[in-house]
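Please walk through this protein with me, one strand, one loop and one patch of surface at a time.

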Amino acid sequence: GNQLPGITPHSLSSGIDLRSSNGLFTSLNYLYSGKLPLTDANTVFADSYHLLGAKVGYLLTHREKRIKLAVGADNLLDEKYSLGNDVNGFGGRFFNAAPRRNYYISLTLQYLKK
């Protein structure tokens with residue numbers, strides 16, 4: 001009658017990507033993971049959590065070159081959660097630390113062959 005370890009009974013993942021004709025783009029993503037058991041006996045559980053991420057940027061294509069510049073953030077709600085739980089972890093080690101709120105900048109340069 002126990003829940004299957006490592007499997008949450010409730011989860012939701014969603015996102016939206018928007019791109020305009022002038023090169024601007026944005027991306028939003030959301031993940032909810034419900035409380036999940038980490039042992040066969042269901043004596044240890046990982047807490048539920050909500051993750052929210054966002055990215056905005058600009059894409060420029062000129063002749064045979066493409067340049068993409070973006071800025072973004074992950075874990076905008078600053079959730080404290082475990083990324084990659086260890087089911088039936090040896091010695092009581094079940095949790096792996098995940099990054100708190102974090103930010104990034106990316107630059108992509110491409111040469112397009114014709």
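**From a strand pair to a surface patch**

At 27% relative accessibility, D78 counts as partly exposed, because this value falls between the cut-offs of 20% for buried and 50% for exposed. The model in front of you is predicted, and in it D78 is found in the loop between β6 and β7. The phi angle of D78 is near 55°, which is a positive value in a residue other than glycine. The loop between β6 and β7 is also the place of N88, whose phi is near 50°, again a positive value in a residue other than glycine. With a relative accessibility of 38%, N88 counts as partly exposed.

Turn now to the two strands on either side of this loop. Strand β6, residues 65-74, pairs with β7 in the antiparallel sense, over 10 bridges. If you look for one of these contacts, you can start from A73, whose bridge partner in β7 is Y103. Strand β7 itself covers residues 102-111, and because the number buried among its 10 residues is 0, the strand lies largely in the open.

What makes up the nonpolar surface patch of about 950 Å²? The patch is made by L24, V56, Y58, L60, I67, L69, V71, I105, L107 and L109, and the elements that give two or more residues to it are β5 (49-62), β6 and β7. One of the patch residues, L109, is found in strand β7, and at 61% relative accessibility L109 counts as exposed, because exposed means over 50%.

Conventions
Residues are numbered from 1 along each chain as its sequence is written. This is a predicted model: local features need pLDDT of at least 70, side-chain atom pairs count only at pLDDT 80 or more; totals for chains, interfaces and linings use all residues. Side-chain values use heavy atoms; hydrogens and water are left out. Buried means under 20% relative accessible area, exposed over 50%, partly exposed in between (1.4 Å probe, protein chains only). Helices (H or I, at least four residues) and strands (E, at least two) are DSSP runs, numbered from the N terminus. Two strands pair if DSSP finds at least two bridges between them. Patches are made of residues with over 30% relative accessible area and no salt bridge: like charges are joined within 9 Å, nonpolar side chains (Val, Leu, Ile, Met, Phe, Trp, Tyr) within 5 Å. Accessible areas come from the Shrake-Rupley method with a 1.4 Å probe; for residues, only the protein chains shown count as cover. A salt bridge is a side-chain nitrogen of Lys or Arg within 4 Å of a carboxyl oxygen of Asp or Glu.
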